[in-house]
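User: Please take a close look at one part of this model for me. I would like the charged side chains and their partners, with enough of the surroundings to place them.

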Amino acid sequence: LPGAGSDAMTRSGKLVFTTDRDRRSLHDPLLRLGEVTLPDNTRTAVIVFARVKDPAPGIKWAVAAVDDSPGHFPAGSMATVNTSPVPVALKLENKKHLSQPGETSVIVDPMKDQQAKALEYRFLYQQDGDWKISGVGLWPRKPNARDLAVYHWDARRSCFIVRFVRDPVAP
């Protein structure tokens, strides 16, 4: 998260992230980084931040929350978070997992071959009704690890990308 001293404060059932710890910053759009509503009945969550393609005043980051309870996000699964403004798809072992803008989902047991050392993927995004490939690769898998796939806009490269992250503190 950019900037020293950023803080999260609640407002109307949401977590609001600002650059200032003062509660008055909740009402100043110039100090707001982003906000997220936690899923119902969530006791713990993984909070994901990604840059926004065309930031509006007061929203510099897309923020998403993934319920990280073992019942919702079990060991061996992959949570996907689409912070991009377009539909995207992650093709894992020839199965396409679609994701709409703002959608968070969990792919339980994404590997068919449990002996495989890596998961082959293709990342696609939809533009003008057509699917375009943005990336292809291998993600090293650990059978009981939990992984996150975050879809977002990369301003430096001017394209949509997927960023994989392994949860270092899986329950």
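Analyst: Start with the burial. Of the 171 residues in the chain, 40% are buried. The model is a predicted one, and every value below is computed from it. The chain has 13 strands and zero helices. Read from the N terminus, the order of elements is therefore β at every position, β-β-β-β-β-β-β-β-β-β-β-β-β. Take the contacts between residues at least 6 apart in sequence: 47% of them join residues at least 24 apart. The accessible surface is about 9700 Å², and carbon and sulfur atoms hold 51% of that area.

Now the charges. Side chains of opposite charge can pair when their charged atoms come close. This structure holds five salt bridges. One of them joins D68 and R146, with 3.8 Å between the closest N and O atoms. The cut-off for a salt bridge is 4 Å, so a distance of 3.8 Å falls within it. Where do D68 and R146 lie? D68 is in the loop between β5 (59–67) and β6 (78–82), and R146 is in the loop between β11 (130–140) and β12 (147–154). The pair therefore ties together parts that are 78 residues apart in sequence. Are the two partners buried or exposed? D68 has a relative accessible area of 16%, which makes D68 buried. R146 is buried too, at 1%. Buried means under 20%, so both values qualify.

A second bridge brings together the side chains of R166 and D147, 3.0 Å from N to O. R166 belongs to strand β13 (residues 159–166) and D147 to strand β12, so this bridge ties parts that are 19 residues apart in sequence. The two partners fall into separate burial classes. D147 is buried at 0% relative accessibility. R166 counts as partly exposed at 23%.

A third bridge links D154 with R157, the closest N and O atoms being 2.9 Å apart. D154 is buried, with a relative accessible area of 7%. R157 is partly exposed, with 46%. Salt bridges with shared partners also make a network, which joins D68, R146 and D167.

R146 has an aromatic neighbour as well. R146 lies over the face of F73, 4.2 Å from the ring centre. So the residue that pairs with D68 also sits over a ring, since 4.2 Å is within the 6 Å cut-off for a charge over a ring. A lysine does likewise elsewhere. The charged end of K96 is placed over the ring of W131, at 4.8 Å from the centre of that ring.

Next, the rings themselves. A pair of aromatic rings is described by the distance of the centres and the angle of the planes. The structure holds six aromatic pairs. In one of them, W139 and F164 have ring centres 5.1 Å apart and planes at 20 degrees, so the pair is stacked. This pair links distant parts of the chain: W139 is in strand β11 and F164 in strand β13, 25 residues apart. W139 is buried, with a relative accessible area of 15%. F164 is buried as well, at 13%. Ring pairs also bring in Y121, which forms a cluster with W139 and F164.

Last, the hairpin. Strand β7 (residues 88–92) and strand β8 (residues 95–99) run antiparallel, and five bridges join them. Among the positions involved, A89 has L98 of β8 as its bridge partner. Two residues stand between the strands of this hairpin. Most residues other than glycine have a negative phi. What is the phi of E93? It is near 45 degrees, a positive value in a residue other than glycine. E93 lies in the loop between β7 and β8. N94 is placed in that loop between β7 and β8 too. N94 also has a positive phi, about 70 degrees, although N94 is not a glycine. At 70% relative accessibility, N94 counts as exposed.

To return to the request: the D68 and R146 bridge has two buried partners. R146 adds the face of F73, and D167 joins the network.

Conventions: Residues are numbered from 1 along each chain as its sequence is written. This is a predicted model: local features need pLDDT of at least 70, side-chain atom pairs count only at pLDDT 80 or more; totals for chains, interfaces and linings use all residues. Side-chain values use heavy atoms; hydrogens and water are left out. Two strands pair if DSSP finds at least two bridges between them. Helices (H or I, at least four residues) and strands (E, at least two) are DSSP runs, numbered from the N terminus. Buried means under 20% relative accessible area, exposed over 50%, partly exposed in between (1.4 Å probe, protein chains only). Contact means heavy atoms within 4.5 Å. Accessible areas come from the Shrake-Rupley method with a 1.4 Å probe; for residues, only the protein chains shown count as cover. Rings of Phe, Tyr and Trp (its six-membered ring) pair if their centres lie within 6.5 Å; planes under 30 degrees apart count as stacked, over 60 as edge-to-face and the rest as tilted. A charge sits over a ring if NZ of Lys or CZ of Arg is within 6 Å of the ring centre and within 35 degrees of the ring normal.
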